[in-house]
Each structure stands twice: as structure tokens, then as C-alpha cells.
Amino acid sequence: MNSFDVLIIGGGAAGMSCALVLGSAKNKPFAADKTIGIIMHQKTSALASGIFNNVLGLHPGTTGKEILESGKKQLAETYPHVVQIEKEKVMSIDGKASDFTITTNKNLYRAKKIVVAVGPSNLFNIKGLMEYVEPHQDLPEAKQRIQLKNTNHKVTEGIYVAGVLAGFKSQFSIACGSGAIVATNILSIWNGGNPTMVHDSISK
């Protein structure tokens, strides 16, 4: 059974953003020995049908499908130590902080922390998380979207939520930022509680 310090569930904007920020800390002493995995379930990502003209840094006309593919490539090439798990869907989560068991349609995994970053569909059915489901607080009721109850992205000890499922509006840049927030919160915990960000810079 593969074990991770953090396992991210969902390979959309929030999930991949979280993975990229966590992966970027690999040269920091507090993160050097951490194992990170992401279950790249993208089949129902709303991102797949999007086209983007209003996102800083993206060429106008970039499609969500292109982002989903290029994001996986960016993660694999830049931070290959982040394990990408393809063609699996999470069915249930059991256990408690530092000792979770995640069951997919194909395998079992263990994780100390979990980040849930799947879509906000009312068809959400991950056993072990259903007690935290509530109607989405910031989307029209007619859309029938849900969120996970959380405080500053934290659902319960060891479990975090990111993106629209955390209660945010369904804007691509917002979802990316939400995933990055969760990542920096986890990095801060790894770094002894010190507020932690990872910035690269051009060498002078």
C-alpha cells in the first residue's frame, strides 16, 4: 500500500495548483522527505469545457482542456517527485489524522493529510466525508452545488478542501488560489508552524 504525507484528491485547477506549490518546496529542509501524491481524476472537471480570456498569464483563447493536459505535464516535468495517480476514483476515506486509508476503485492508499479538490456536484459520494456536505453558500441554489463545511479550508484534523468545493465561486483563478492557500498552510505546518511560502526568483 502506497503511503503519502499528503494525498490530493482531484486533478483540476485547485488540485494541481496545490500539488505544484507543495512540489516546489522539495529543496526546503522541512519538505525534503515528504511524499506527495495526487489522484488525477479529471473526468467531471468543469474546467474541461472552459475557454479563458480573463486570466492573468494565460493567452486569450486558452481552453480548459489544454490547461488540464499542460498542467499534468508541468507537474511531471518540474516536480517529478509528486506521484500522479491516473484513472482512479476515490470511493471512501477512513481513519484519522496522520493515519487515513483512502480506497479507490482500484487501490488502497495511506496518507497523513488529505486535500479534497473535486468538483461541487451534488452527486458527490465519497464515504467518510458525507457528514460535511452542505449546500453551496456562494452559488445559485438552482445549480444544486455542494461544498464541504470548513474553516479556512480545514474540514477536520488532517483533511482540507480546496476550490469550489471549499465554498468559493467557480472562477478558474479563484480555484487556483484556493489550492495554493491549502498548500502553503500545509507547508507552514511542516515548517514548525512558521508562515511559509515558496518563491522562485531570477538570480542576479
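**Note on the predicted model: charges, cores and helix α1**

1. The protein carries 21 positive and 15 negative side chains, and the centres of these two sets are 2 Å apart. The coordinates come from a predicted model, and the points below should be read with that in mind.

2. Overall build. The protein contains 3 helices and 12 strands. Its C-alpha atoms occupy a box of roughly 50 × 45 × 30 Å along the principal axes. The radius of gyration is 16 Å, which agrees with the value near 17 Å for a compact globule of 204 residues.

3. Burial and surface. Of the 204 residues, 46% count as buried. The exposed area is about 11,000 Å², with 52% of it supplied by carbon and sulfur atoms. Among contacts between residues at least 6 apart in sequence, 58% join residues at least 24 apart.

4. Largest nonpolar core. This core has 36 residues, and the members touching the most others are Ile8, Leu22, Ile38, Val115, Phe172, Ile186 and Trp190. At least two core residues come from each of β1 (2–9), α1 (13–23), β2 (36–39), α2 (64–78) and α3 (172–190). The element that gives the most is α3, with 8 residues.

5. Ile186 and the second core. Beyond its neighbours within four places in sequence, Ile186 contacts Val6, Leu22, Lys113, Val115 and Tyr160. A separate second core holds 24 residues, including Val90, Phe100, Phe124 and Val161.

6. Helix α1. How many of the 11 residues of α1 are buried? The count is 10, and the helix is thus described as mostly covered. The buried residues are Ala13, Ala14, Gly15, Met16, Ser17, Cys18, Ala19, Leu20, Leu22 and Gly23. Their cover includes β1, β2, α2, β8 (108–116) and α3. Leu22 therefore appears in several places: it is buried in α1, it is among the core members touching the most others, and it is in contact with Ile186.

7. Glu66. This residue is found in helix α2. Is Glu66 buried, exposed or partly exposed? Its relative accessible area is 45%, so it counts as partly exposed, the class between under 20% for buried and over 50% for exposed. The C-alpha atoms of Glu66 and Pro140 are separated by 28 Å, with the two residues 74 apart along the chain.

Notes:
Residues are numbered from 1 along each chain as its sequence is written. This is a predicted model: local features need pLDDT of at least 70, side-chain atom pairs count only at pLDDT 80 or more; totals for chains, interfaces and linings use all residues. Side-chain values use heavy atoms; hydrogens and water are left out. A nonpolar core is a set of buried Ala, Val, Leu, Ile, Met, Phe, Trp, Tyr and Cys residues joined through side-chain atoms within 4.5 Å. Buried means under 20% relative accessible area, exposed over 50%, partly exposed in between (1.4 Å probe, protein chains only). Helices (H or I, at least four residues) and strands (E, at least two) are DSSP runs, numbered from the N terminus. Contact means heavy atoms within 4.5 Å. The radius of gyration is taken over C-alpha atoms; the globule rule is 2.2 Å times the number of residues to the power 0.38. Accessible areas come from the Shrake-Rupley method with a 1.4 Å probe; for residues, only the protein chains shown count as cover. Lys and Arg count as positive and Asp and Glu as negative; His and the chain ends are not counted. The place of a charge is taken as NZ of Lys, CZ of Arg, CG of Asp or CD of Glu.
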